[in-house]
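Visitor: I'm new to this, so I'd like to ask where the labels come from. Could you take me through a structure and show how each word is earned?

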Amino acid sequence: MFRGGDRAGGGAVCGSMGGGAMESGLGFVYGAGAAMANRSADFCAGLEGVTLLKPRDRMAGLVSFRIEGWPAQAALDELSARTFAIARTLPMVDARRISVGFSPTEDEVDRFMDGVRLLAAHTPGSIPPRRTLTIIGQA
């Protein structure tokens, strides 16, 4: 991403961000981000026990949802341990929100949504334990 004079000072960040958008095209960036957010929203809307909170025409790349029976922080902790996502809780509405940009693949979004499906099918007390790696010599 760094080209020519973009290497020095604050221009490096601006140059790399602007250059990336210009190289791939803003239409692609916005279109791909919207497609991944819509894919996530479609999945959430189609799952029993999952409530999509934000109207689609106002969600941009942020998808907010609740999972029945799961406090927001408990769901986020469990999803974070099982998948990778840029997410946070929304304490005022006891929900979680994921940020879906243009860079994740359909497989990555689907993998996260598989985690949401797993939580929707269980309660915090009934979810199967996740596998962990034991590192010998560490407490």
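Visitor: What makes people say that the side chains of Arg56 and Asp42 meet in a salt bridge?

Guide: Keep in mind that this is a predicted model. The N-to-O distance between the side chains of Arg56 and Asp42 is 2.5 Å. The cut-off is within 4 Å, for a side-chain nitrogen of Lys or Arg and a carboxyl oxygen of Asp or Glu, so the pair earns the name. Arg56 sits in the loop between E1 and E2 and Asp42 in helix H2, 14 residues apart, so this pair links distant parts of the chain.

Visitor: Why are Arg56 and Asp42 called partly exposed?

Guide: The label is for values between under 20%, which is buried, and over 50%, which is exposed. Arg56 has a relative accessible area of 35%, so partly exposed fits. Asp42 comes in at 45%, so the label is partly exposed again.

Visitor: How many salt bridges does the rule give?

Guide: The count comes to six. One of them joins Glu106 to Arg39, with the closest N and O atoms 3.7 Å apart. That is within 4 Å, so the pair passes. Glu106 lies in helix H4 and Arg39 in helix H2, so the pair ties together parts that are 67 residues apart in sequence. Arg39 and Glu106 are also linked with Asp110 in a network of salt bridges.

Visitor: How do you know whether Glu106 and Arg39 are buried, exposed or partly exposed?

Guide: Check the percentages again. Glu106 has 43% relative accessibility and counts as partly exposed. Arg39 has 30%, and counts as partly exposed too.

Visitor: What makes Arg82 and Glu78 a salt bridge?

Guide: Their closest N and O atoms are 2.6 Å apart, and the limit is within 4 Å, so the name holds. Arg82 and Glu78 both lie in helix H3, four residues apart, or about one turn of the helix. As a general point, an α-helix has 3.6 residues a turn, so residues three or four places apart point the same way.

Visitor: Why is Glu78 called buried, and what about Arg82?

Guide: Glu78 has a relative accessible area of 12%, and buried means under 20%, so Glu78 qualifies. Arg82 has 27%, so Arg82 is partly exposed.

Visitor: Which charged residue is buried yet has no salt bridge?

Guide: That's Arg96, which is in strand E4 (residues 95-99). Its nearest side chain of opposite charge, Asp94, is 5.3 Å away. A salt bridge has to be within 4 Å, so Arg96 and Asp94 don't make one. A polar atom of the Arg96 side chain does lie 3.3 Å from the backbone oxygen of Trp70.

Visitor: What is there to say about the phi of Asp94?

Guide: Phi is near 50 degrees, a positive value in a residue other than glycine. Asp94 lies in the loop between strand E3 (87-90) and E4, and is partly exposed at 39% relative accessible area.

Visitor: How do you know what span to expect of helix H4?

Guide: Helix H4 (residues 106-120) has 15 residues, and at 1.5 Å a residue the expected span is 21 Å. From first C-alpha to last, H4 reaches 20 Å, which is close to that value.

Visitor: What makes you say that the buried residues of H4 are on the same side?

Guide: The buried residues are Val109, Phe112, Met113, Gly115, Val116 and Leu119. They cover an arc of only 145 degrees around the axis, which puts them on the same side of H4. On the other side, Asp107 and Arg111 are exposed. The cover over the buried residues includes helix H2 (26-46), strand E1 (50-52), strand E2 (62-67), helix H3 (72-82) and E4.

Visitor: In what order do the elements of the protein run?

Guide: There are four helices and four strands, and from the N terminus on they go α-α-β-β-α-β-β-α. Of the 139 residues, 31% count as buried.

Note on methods: Residues are numbered from 1 along each chain as its sequence is written. This is a predicted model: local features need pLDDT of at least 70, side-chain atom pairs count only at pLDDT 80 or more; totals for chains, interfaces and linings use all residues. Side-chain values use heavy atoms; hydrogens and water are left out. Helices (H or I, at least four residues) and strands (E, at least two) are DSSP runs, numbered from the N terminus. Buried means under 20% relative accessible area, exposed over 50%, partly exposed in between (1.4 Å probe, protein chains only). Lys and Arg count as positive and Asp and Glu as negative; His and the chain ends are not counted. A polar contact is a pair of N or O atoms within 3.5 Å; within protein, one must be able to donate a hydrogen and the other to accept it, and residues adjacent in sequence count only if both atoms are side-chain atoms. The expected span of a helix is 1.5 Å times one less than its number of residues. The arc is that of the directions from the helix axis to the C-beta atoms. Contact means heavy atoms within 4.5 Å.
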